[in-house]
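Biologist: Could you take me through one part of this model closely? Please start with a single residue, then work outward to what lies around the chain.

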Amino acid sequence: MSNSTGQALQLFFGNGFFGYFVFQDPNWDFRTLNFTSDVTLTDENLGPILNSTDPDLRPLRAHGAKIVHYVGWADSAIAPINSVNYYNSVRAELAGVEPRPQNGDRWEEIQEFYRLFMVPGMAHCSGGDGPSAFGNGTNNAPVIDADHDLLKALERWVEQGVAPEKIVATHYVNNTPASGVQFQRPLCPFPQVARYTVGDPTNADSFKCVQDEPDRDPRDQSK
């Protein structure tokens, strides 16, 4: 049995950011971080340059831009819920309401120009146990068209006005294209999720995009 320990991507990202960007010391140790003064220093010095959390995308929408945003639910480097929170904040900004997830106001306004695809089982940008090949910069999909490839879908949306209702993503055996396709799943625009209907569970056509149901409070005994 090995006694060696691995390092999480959070450590790699965090150490690199604070060591090189904030303190400019390649030997910086995360154990020395002061969660009050150091985080404040970082926000003051680098926040205006690096932060991308402004929810007001109305100028971008007015320019005619389209956004396809994807994140793996199994991303261990950057918390995937951050993308959900940001998407909800943009939606709230457009609607002029407080950002409450799935609070009943219209999704159509944000989805006219900005769609978020959450990828079950995918790690940071790619890889993992989920369907992680869909034109996202690593492994290509077996078919490169607007139904299987993220960039092609974005291209069709911009040039033909056809918004992506789903993107078929592929998981290769051992995440290796040469080993063949293990299964495919549709990626659905948030807040929709892919739900199995009938047929071969390795086939994307056996799933449909449906509205996700909010998590139920276990204390709620009502039906």
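Modeller: Start with Cys-125, in what is a predicted model. Cys-125 has a relative accessible area of 37%. Buried means under 20% and exposed means over 50%, so Cys-125 counts as partly exposed.

Now look for bonds between cysteines. How many disulfides does a search of the whole structure find? It finds one. That disulfide joins Cys-188 to Cys-209, with 2.1 Å from S to S. The link of Cys-188 and Cys-209 is left-handed, with -80° about the S-S bond. The two partners come from distant parts of the chain, 21 residues apart. Cys-188 sits in the loop between strand E4 (181-187) and strand E5 (192-196). Cys-209 belongs to strand E6, residues 207-211.

Are these two partners buried or exposed? Cys-188 has 5% relative accessibility, so it counts as buried. Cys-209 has a relative accessible area of 23%, so it is partly exposed.

Stay in the loop that holds Cys-188. Pro-191 also lies between E4 and E5. A cis peptide bond joins Phe-190 and Pro-191, with omega of about 15°. Most peptide bonds are trans.

Go on to the next loop, between E5 and E6. Ser-206 lies there. Its relative accessibility is 5%, so Ser-206 counts as buried. What does Ser-206 touch, leaving out residues up to four places away in sequence? It touches Arg-195, Tyr-196, Thr-197, Val-198, Gly-199, Asp-200 and Pro-201.

Step back to the loop between E3 and E4. Asn-174 lies in this loop, and so does Asn-175. Look at their backbone angles. Asn-174 is not a glycine, yet it has a positive phi of about 55°. Asn-175 also has a positive phi, near 55°. Most residues other than glycine have a negative phi. The two asparagines can be compared by their surface. Asn-174 has 65% relative accessibility and counts as exposed. Asn-175 has a relative accessible area of 28%, so it is partly exposed.

Next, take helix H6, residues 150-160. Begin at its N-terminal end. Asp-149 caps this end. A side-chain oxygen of Asp-149 lies 3.0 Å from the backbone nitrogen of Leu-151. Within H6, Leu-150, Ala-153 and Trp-157 are buried. Why do these buried residues line one face of the helix? Seen down the axis of H6, they fall within an arc of 65°, so they share that face. The numbering fits a general rule. An α-helix has 3.6 residues a turn, so residues three or four places apart point the same way.

What covers the buried residues of H6? The cover includes strand E1 (67-72), helix H5 (108-111), strand E2 (114-119) and strand E3 (167-172). Turn to the other side of H6. There Leu-151, Val-158, Glu-159 and Gln-160 are exposed. Just after H6 comes Gly-161, with a positive phi of about 75°.

Now look for empty space. Rolling a probe the size of a water molecule over the atoms shows where such space is left. The largest pocket has a volume of about 880 Å³. It is lined by 23 residues, and the closest to its centre are Ser-52, Ala-77, Ile-78, Ala-79 and Asn-82. Which elements each supply at least two residues of the lining? Helix H1 (9-22), E1 and helix H4 (81-95) do. The largest share comes from H1, with five residues.

Finally, put these parts back into the chain. It has six helices and six strands. Read along the sequence, the pattern is α-α-α-β-α-α-β-α-β-β-β-β. The chain has 223 residues, and 35% of them count as buried. Take the contacts with a separation of 6 or more: 49% of them are between residues 24 or more positions apart.

Conventions
Residues numbered from 1 in each chain as written. Predicted model: local features only at pLDDT ≥ 70, side-chain atom pairs only at ≥ 80, totals over all residues. Heavy atoms only, no water. Buried < 20%, exposed > 50% of the residue type's maximum accessible area, 1.4 Å probe, protein only. Helix = DSSP H or I, 4+ residues; strand = E, 2+ residues; numbered from the N terminus. Arc of directions from axis to C-beta. Contact = heavy atoms within 4.5 Å. Polar contact = N/O pair within 3.5 Å; in protein donor to acceptor, adjacent residues only side chain to side chain. Disulfide = S-S within 2.5 Å. 1 Å grid on protein atoms, 1.4 Å probe; cavity = no way out; pocket = protein on both sides within 12 Å on 5 of 7 lines; lining within 4 Å. Points joined across faces, edges and corners; volume = space filled by probe spheres on them.
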